[in-house]
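Welcome! Here is a set of short exercises with worked solutions, meant to be read with the model in view.

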Amino acid sequence: LGVLVNARGTASVEAVPSRALTAYKRAETVMRQADPNCHLTWQLIAAIGQVESNHGRFGGALMTADGVVHPAILGPRLTGDGATSRIGDTDAGLLDGDQRFDRAVGPMQFIPQTWSRFQADGNDDGTTSPFNLYDATLAAANYLCTASTGLDAAPGLRTAYFSYNHSLAYVDAVLGYARHYEDR
C-alpha cells in the first residue's frame, strides 16, 4: 500500500476524517504523558495514516464510530516478489489470513509480528486490534517513540519513519505530509 497508493492524495487537515483526527490527537496526548521527551505530535502520526491508508479509507473502507475499519485493509503478500520484502508468516494467519507469508494489516499497516510487540488499546475499550484506527494509531505512536528520539527534528523523524518502512521514498512522502499538516 503506502506511497504507491496515496502519494498523490490530498494532505489538507480538512481532508482528515474527524474520527481519524480524534485518534491522532488522542495518541499525541497519551504519548506526551507517557514519554514527553519523544516530542510526538498528531501531525507526525497523521502523515503515516495518510500514506498507509488514506486515514483508513483505502479501497473504499469505512470506519465505525468506535474506530474499526471495514473492510479490513490488508497489504500485499510479502513474498519478496516485485517491490515487497520477503516476510514469512509470523502469526499463523491470525491477523492477515495468510499462513505462508505476512501481510501488513490495518489502517497503519502493521506487520503482524510488529503489531504483537506494539499493540495498544487506543480507545480504552479493553481490546487491541490493528484494524481499529484508535488502537493502530497509538501503536504507531509507541513505535515511533521507540524507534528514535527527538521527533521534533528532521534527523530523528527520518530515523523513525525509515524504521517504520525501509524506503527513502516513503520517508520523504511521510515527512512531506507531516510538514504540510503542521503548516495548516
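How many disulfides does a search of the whole structure find?

**Exercise 1. Find the disulfide and place its two ends.**

Solution. Keep in mind that this is a predicted model.

Step 1. The search of the whole structure turns up one disulfide.

Step 2. Its partners are cysteine 38 and cysteine 145, with sulfur atoms 1.9 Å apart. A pair of cysteine sulfur atoms counts as a disulfide within 2.5 Å, so this pair qualifies.

Step 3. Now place the ends: cysteine 38 sits in the loop between α2 (18-34) and α3 (42-53), while cysteine 145 belongs to helix α5 (residues 133-147). With these positions 107 residues apart, the pair links distant parts of the chain.

Step 4. The turn about the S-S bond is -85 degrees, and the link of cysteine 38 and cysteine 145 is left-handed.

Step 5. Are the two cysteines buried or exposed? Cysteine 38 counts as buried because its relative accessibility is 2%. Cysteine 145 has 9% and therefore counts as buried too.

**Exercise 2. Describe the overall fold and dimensions of the protein chain.**

Solution.

Step 1. Count the elements: the protein chain has seven helices and two strands.

Step 2. Put them in sequence order, and the pattern reads α-α-α-β-β-α-α-α-α.

Step 3. Turn to the dimensions. Along the principal axes, the C-alpha atoms fill a box of roughly 40 × 35 × 30 Å.

Step 4. Why can the radius of gyration be said to agree with a compact globule? For 184 residues, such a globule would have a value near 16 Å, and the protein chain has 15 Å, so the two agree.

Step 5. Look at the inside and the outside. Of the 184 residues, 48% are buried. The protein chain exposes about 8,600 Å², and carbon and sulfur atoms supply 51% of that area.

Step 6. Check how the sequence comes together in space. Taking contacts between residues at least 6 apart in sequence, 56% join residues at least 24 apart.

Step 7. Finish with charge: there are 14 positive and 19 negative side chains, and the centres of the two sets lie 5 Å apart.

**Exercise 3. Explore the loop between β2 and α4 through four of its residues.**

Solution.

Step 1. Begin with proline 71, which lies in this loop. A cis peptide bond joins histidine 70 to proline 71, with omega at about -10 degrees. Most peptide bonds, by contrast, are trans.

Step 2. Move along to threonine 79, in the loop between β2 (69-70) and α4 (112-118). Its relative accessibility is 17%, and therefore threonine 79 counts as buried. Setting aside neighbours within four places in sequence, threonine 79 touches Thr84, Ser85, Arg86 and Phe101.

Step 3. Next comes alanine 92, also found between β2 and α4. At 54% relative accessibility, alanine 92 counts as exposed. Its phi is near 55 degrees, a positive value in a residue other than glycine.

Step 4. End with leucine 95, again in the loop between β2 and α4. Leucine 95 counts as partly exposed because its relative accessibility is 22%. Which residues does leucine 95 contact, leaving aside neighbours within four places in sequence? They are Leu74, Val105, Pro112, Trp115, Pro130 and Phe131.

Step 5. For a sense of distance, take leucine 95 and glycine 122: they are 27 residues apart in sequence, and their C-alpha atoms are 18 Å apart in space.

**Exercise 4. Examine the backbone at asparagine 54.**

Solution.

Step 1. Locate asparagine 54 in the loop between α3 and β1 (62-63).

Step 2. Read its phi: about 55 degrees, which is positive although asparagine 54 is not a glycine. Most residues other than glycine have a negative phi.

Step 3. Add the surroundings: with 22% relative accessibility, asparagine 54 counts as partly exposed.

**Exercise 5. Compare separation in sequence with separation in space for aspartate 183 and glutamine 43.**

Solution.

Step 1. Find aspartate 183 in the segment after α7 (168-182).

Step 2. Is aspartate 183 buried or exposed? It counts as exposed, because its relative accessibility is 64%.

Step 3. Set the two separations side by side: aspartate 183 and glutamine 43 are 140 residues apart in sequence, and 9.8 Å apart in space from C-alpha to C-alpha.

Conventions
Residues numbered from 1 in each chain as written. Predicted model: local features only at pLDDT ≥ 70, side-chain atom pairs only at ≥ 80, totals over all residues. Heavy atoms only, no water. Helix = DSSP H or I, 4+ residues; strand = E, 2+ residues; numbered from the N terminus. Rg over C-alpha atoms; globule rule 2.2 N^0.38 Å. Buried < 20%, exposed > 50% of the residue type's maximum accessible area, 1.4 Å probe, protein only. Contact = heavy atoms within 4.5 Å. Areas by Shrake-Rupley, 256 points an atom, 1.4 Å probe, with all protein chains shown as cover. Lys, Arg positive; Asp, Glu negative; His and termini not counted. Charge placed at Lys NZ, Arg CZ, Asp CG, Glu CD.
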